[in-house]
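Please open the structure in your viewer and keep the sequence panel beside it. The tour below proceeds by selections, and each stop says what to pick and what is found there.

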Amino acid sequence: MSSTELPDALAATAAGPRVSAVRVAEGERLRTVTLPGLTLNVRERPAERTGLPPALYVHGLGGSSQNWSALMPLLADVVDGEAVDLPGFGDSPPPDDGDYSVTGHARAVIRLLDAGGRGPVHLFGNSLGGAVATRVAAVRPDLVRTLTLVSPALPELRVQRNAWPTALLAVPGAAALLTRLTRGWTAEQRVRGVMALCYGDPGRVTDEGFRNAVEEMERRLALPYFWDAMARSTRGLVDAYTLGGQHGLWRQAERVLAPTLLVYGGRDQLVGFRMAARAATAFRGARMLTLPDAGHVAMMEYPETVATAVRELIRDRAAGPAGAVGGDAGHGRNRAADGGVSGREGDGGATDHGDRGGSARHEGADDGAEDDGRS
């Protein structure tokens with residue numbers, strides 16, 4: 001048996017060694033949050049002054065809190081930011097119950113917010129983290145001020161061709177097979193492959209950024225649970241795609257009350273650019289930022305442009321009705337676009353469709369309460 005394909009009982013309890021120190025950018029610090037059956041690594045970017053509202057950033061499949069290190073400092077003057085390593089990723093060990101479903105990850109985020117008393121937060125999610133953040137915002141609107149989703153992994157009828165190899169990780173035994181087939185690959189080769197898949201233009205990555213990514217890849221590959229966490233989280237995402245009714249992700253997107261910003265890249269090889277139109281309809285009153293030259297991780301490729309759009313979202317949320325909970329409780333979401341986000345040279349040719357109009361839906365947050373992660 002491959003050391004990366006653990007049996008269920010072992011996978012649920014194996015925390016694995018910290019094989020090397022996790023990189024911390026200047027101005028960041030790490031802390032560990034220990035909850036019953038769950039330990040989470042949290043990357044902090046303290047606000048530039050006291051009293052700023054809190055923010056939480058949630059990474060995608062195979063990523064970590066480091067994926068937000070480019071965006072977080074650009075917003076440090078408007079939010080008090082933290083980025084979490086989801087269970088089994090980054091420097092967070094696997095959860096004791098081995099639950100890597102979208103609901104399991106959402107439950108971890110909810111428990112983190114409840115334990116720290118930081119809600120409501122400006123919540124960010126990329127890819128898998130976008131699906132997780134959507135579920136959190138739907139079932140616990142009291143925890144979310146605004147919602148920013150970068151290429152959220154929401155169900156597609158026609159999955160991108162380049163996403164199939166990742167989706168195949170959901171097949172039992174695929175992780176062990178992939179480990180054997182790629183045993184001779186260096187960390188550098190793996191990183192180049194990931195960047196080619198996730199970036200619209202891998203050439204935008206600096207030499208230092210590439211070296212840091214290789215170092216992080218080497219660290220993760222040494223973890224005994226790395227592939228298991230990848231496979232189980234992929235399986236959990238695929239399972240979430242098949243859910244219908246009130247627990248379906250698109251259904252839950254319609255229940256989100258928080259003012260929402262949707263960010264899509266025109267060169268995204270994992271989440272179809274065509275999904276932007278459907279998302280704009282599902283998240284009522286959402287505003288849209290499209291970056292034709294960006295790939296799957298726009299917050300890493302074009303952090304300045306994304307930060308500008310987020311600032312407008314936060315500014316307009318703050319200007320809304322006082323005392324509103326859960327993203328203004330549906331008020332102030334029909335404002336006409338106020339100029340939106342304009343593209344700048346070198347920033348991916350950003351275009352903005354402004355607020356889409358429509359009214360927020362006030363369906364009971366108790367729908368799907370079994371998924372709300374309350375412990």
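Begin by selecting A279 together with W250, L262 and Y264, which A279 touches when residues up to four places away in sequence are not counted. The model on your screen is a predicted one, and in it A279 lies in helix α10, which covers residues 275–282. Is A279 buried or exposed? Its relative accessibility is 0%, so A279 counts as buried. If you add A253 to the selection, you will find its C-alpha atom 8.1 Å from that of A279, although the two residues are 26 apart along the chain.

**The whole chain**

Now zoom out and show the protein chain as a cartoon, where you can follow 12 helices and 9 strands. Of its 375 residues, 57% count as buried, and the accessible surface comes to about 15,100 Å², with 52% of that belonging to carbon and sulfur atoms. Among the contacts in the chain with a separation of 6 or more, 77% are between residues 24 or more positions apart.

**Strand β5 and its partners**

Next, select strand β5, residues 121–126, in which 6 of 6 residues are buried. Turning the strand, you can see that cover is present on both faces, with V121, L123 and G125 buried on one side and H122, F124 and N126 buried on the other.

Which strands should be added beside it? Strand β3, residues 54–58, pairs with β5 in the parallel sense over 4 bridges, and strand β6, residues 144–150, also pairs with β5 in the parallel sense, over 6 bridges. To follow a path across these strands, pick L56, whose bridge partner in β5 is L123, and then go on to L147, which is the bridge partner of L123 in β6.

**The nonpolar cores**

Keep L123 and L147 selected and add F283, since these three residues are the ones with the most contacts inside the largest nonpolar core, a set of 58 residues. Helix α3, residues 128–139, gives the largest share of this core, 8 residues. In soluble globular proteins, nonpolar side chains tend to be buried together. Staying with L147, and leaving aside neighbours within four places in sequence, you can display its contacts, which include L123, A133, A137, V256, F283 and L313. A second core, separate from this one and made of 36 residues, can be located by selecting A83, F124, A294 and A309, which are among its members.

**Backbone details around β5 and β6**

Return to β5 and look at the loop between α2 (102–116) and this strand, where P120 is found. The peptide bond that joins G119 and P120 is cis, with omega about 0°.

At the other end of the strand, select S127, which lies in the loop between β5 and α3. S127 is not a glycine, yet its phi is positive, about 55°, and with a relative accessibility of 10% this residue counts as buried. Then move to S151, placed in the loop between β6 and α4 (164–167), which likewise is not a glycine and has a positive phi, here about 45°. The relative accessibility of S151 is 1%, so S151 also counts as buried. As background to these stops, most residues other than glycine have a negative phi, and most peptide bonds are trans.

**Helices α6 and α7**

For the last stops, select helix α6, residues 187–198, whose 12 residues reach 16 Å from the first C-alpha to the last, close to the 16 Å expected at 1.5 Å a residue. Colour A187, R190, V191, M195 and C198, which are buried in this helix. Where do the buried residues sit when you look down the axis of α6? They fall within an arc of 130°, so they line one face of the helix. Helices α7 (207–221), α8 (226–242) and α11 (298–301) are what these buried residues pack against.

Finish with α7, which has 15 residues and reaches 21 Å from its first C-alpha to its last, close to the 21 Å expected at 1.5 Å a residue. Its buried residues are F210, N212, V214, E216, M217, R219 and R220, and if you leave α6 and α8 on display, you will see that both are included in what covers them.

Technical notes
Residues numbered from 1 in each chain as written. Predicted model: local features only at pLDDT ≥ 70, side-chain atom pairs only at ≥ 80, totals over all residues. Heavy atoms only, no water. Helix = DSSP H or I, 4+ residues; strand = E, 2+ residues; numbered from the N terminus. Buried < 20%, exposed > 50% of the residue type's maximum accessible area, 1.4 Å probe, protein only. Contact = heavy atoms within 4.5 Å. Areas by Shrake-Rupley, 256 points an atom, 1.4 Å probe, with all protein chains shown as cover. Expected span 1.5 Å × (residues − 1). Arc of directions from axis to C-beta. Core = buried A, V, L, I, M, F, W, Y, C linked by side-chain atoms within 4.5 Å. Pairing = 2+ DSSP bridges.
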